[in-house]
Amino acid sequence: MESIIEVDNLAKMYQKKQALKNLSFQVQKGEIFGFLGPSGSGKTTTVKILTSQLRFTSGRVTVFGIAPDRSSKASYLGRIGILTDNSGLYDRLSVYDNLVLFCRLYGVPEKSLEGVLDAVNLSADRNTLVQRLSKGMKQRVTLARAILHRPEILFLDEPTSALDPVNVLQIHETLRRLNREGTTIFLTTHNMQEAEALCDRVAFLNNGEISALDTPLQLRLQHGDQTITLTTPKGPEIVGKNAAGAIRINELIRSGELMAIHSNEPTLGDIFVKLTGRGLE
Ligand SMILES: Nc1ncnc2c1ncn2[C@@H]1O[C@H](COP(=O)(O)OP(=O)(O)OP(=O)(O)O)[C@@H](O)[C@H]1O
């Protein structure tokens with residue numbers, strides 16, 4: 001596996017406020033990496049540093065092996081896409097005209113917009129003025145803008161916060177497709193379902209520090225209580241994931257009393273609370 005982002009001992013102070021401390025992680029090429037943390041934990045600060053919008057206090061950061069500072073900006077900004085909540089779209093222009101402006105900025109031929117509009121499901125709305133769009137549609141225009149130059153890494157800061165479930169699903173589908181086509185995705189979220197649904201690996205960020213980093217499955221297995229809940233006509237019954245549990249399951253199947261079986265792995269939200277003592281919201 002090849003690391004595309006490397007962060008080593010990163011710290012960031014805003015005057016006296018320490019927003020990030022001793023942050024170390026690597027993002028592998030081709031993965032969807034989730035940065036999961038509650039409000040104020042340092043997610044946006046990290047994205048801004050990785051995308052050279054903010055200077056850091058100490059540590060080492062590279063993206064594509066390049067340090068993201070002012071002198072290197074030009075050499076890698078064209079290789080990344082950024083989606084944040086401040087949309088910066090022109091309300092009085094259509095979807096298409098908004099995107100044409102960015103094609104010119106990035107030197108991308110206008111004809112490539114067909115595929116981009118298709119990817120975010122906005123082909124039919126191309127001539128609609130941005131001011132007439134719903135929140136979810138606007139978010140899809142900003143996603144289109146972030147991907148139209150086919151970036152190698154896409155940074156998404158809370159891409160679906162405040163969107164309804166249908167729009168969330170549409171954005172997720174688009175992100176999965178981009179990832180299948182080779183885009184590495186760095187995603188911040190405080191939504192654990194989003195992290196579970198999309199991410200190959202997640203880092204838990206709390207007060208500017210990483211308290212766990214692994215695949216969602218490994219985190220659930222490491223922090224699970226190794227029990228199974230069996231639903232029977234007499235009510236729920238909890239057994240261990242062991243030989244005795246297997247015998248009991250077998251008995252209930254034979255007697256026709258096993259109605260449902262549920263492995264008791266915790267959610268990422270449960271694990272976050274266990275490790276940090278606080279929730280994600
Ligand atoms: N410009 C700034 N000046 C001073 N403190 C700041 C500044 N920007 C952020 N902070 C502080 O740094 C910490 C991390 O903020 P950051 O915005 O990175 O968190 P976040 O996890 O992205 O939160 P949210 O989910 O609410 O966007 C917070 O305590 C915040 O108050």
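The protein chain carries 10 helices and 12 strands, and what you have in front of you is a predicted model. To get a feel for its dimensions, picture a C-alpha trace spanning about 70 × 45 × 35 Å along its principal axes. Of the 281 residues in the protein chain, 33% are buried. Look at the contacts between residues at least 6 apart in sequence, and you'll find that 69% of them join residues at least 24 apart.

Let's start with a sheet. Strands of a sheet pair through backbone hydrogen bonds, in either a parallel or an antiparallel way. Here you can pick out an open sheet of 3 strands, paired antiparallel and running in the order β2-β1-β4. Its edge strands are β2 (17–28) and β4 (58–63), each of which pairs on one side only. Going from one strand to the next, the twist averages 20°. If you zoom in on β1 (residues 3–14) and β4, their antiparallel pairing runs over 5 bridges. For a handy landmark, find Ala11, which stands opposite Ser58 in β4.

Ala11 also leads us to Phe56, as it is one of the residues that Phe56 touches. Phe56 sits in the loop between α1 (43–50) and β4. Is Phe56 buried or exposed? It is buried, because 22 other C-beta atoms lie within 10 Å, and the cut-off for buried is 20 or more. Setting aside residues up to four places away in sequence, Phe56 touches Leu10, Ala11, Lys12, Ile49 and Val61. For a sense of scale, try Phe56 and Ser123: they are 67 residues apart in sequence, and 40 Å separate them in space, C-alpha to C-alpha.

Just past β4 comes another phenylalanine to look at. Phe64 lies in the loop between β4 and α2 (73–77), and it has a positive phi of about 55° although it is not a glycine. With 17 other C-beta atoms within 10 Å, Phe64 counts as partly exposed. Arg150 also has a positive phi, near 50°, in a residue other than glycine. You'll find Arg150 in the loop between α5 and β6 (153–157). It has 18 other C-beta atoms within 10 Å, so it is partly exposed.

Now for the interior. In soluble globular proteins, nonpolar side chains tend to be buried together. In this model the largest nonpolar core has 60 residues, and those with the most contacts inside it are Leu36, Ala144, Phe155, Phe186 and Leu187. Which helix gives the most to this core? That would be α5 (residues 135–147), with 5 residues. Leu36 is worth a click of its own: beyond its neighbours within four places in sequence, its contacts include Thr189, His190, Met192, Val202, Phe204, Leu268, Phe272 and Leu280.

His190 takes us on to the ligand, since it belongs with the residues around it. The others surrounding the ligand are Tyr14, Lys17, Ala19, Gly37, Ser39, Gly40, Ser41, Gly42, Lys43, Thr44 and Thr45. Two elements, β2 and α1, give two or more residues to this shell. The biggest share comes from α1, with 3 residues. How do the residues of the shell divide by character? There are 2 nonpolar, 8 polar and 2 charged residues around the ligand.

Technical notes. Residues numbered from 1 in each chain as written. Predicted model: local features only at pLDDT ≥ 70, side-chain atom pairs only at ≥ 80, totals over all residues. Pairing = 2+ DSSP bridges. Helix = DSSP H or I, 4+ residues; strand = E, 2+ residues; numbered from the N terminus. Axes fitted to C-alpha atoms, helices over the stretch in contact; angles between N-to-C directions. Core = buried A, V, L, I, M, F, W, Y, C linked by C-beta atoms within 7 Å. Buried ≥ 20, exposed ≤ 12 C-beta atoms within 10 Å, placed from the backbone. Contact = placed C-beta atoms within 7 Å. Near = placed C-beta within 6 Å. Nonpolar A, V, L, I, M, F, W, Y, C, P; charged D, E, K, R; others polar.
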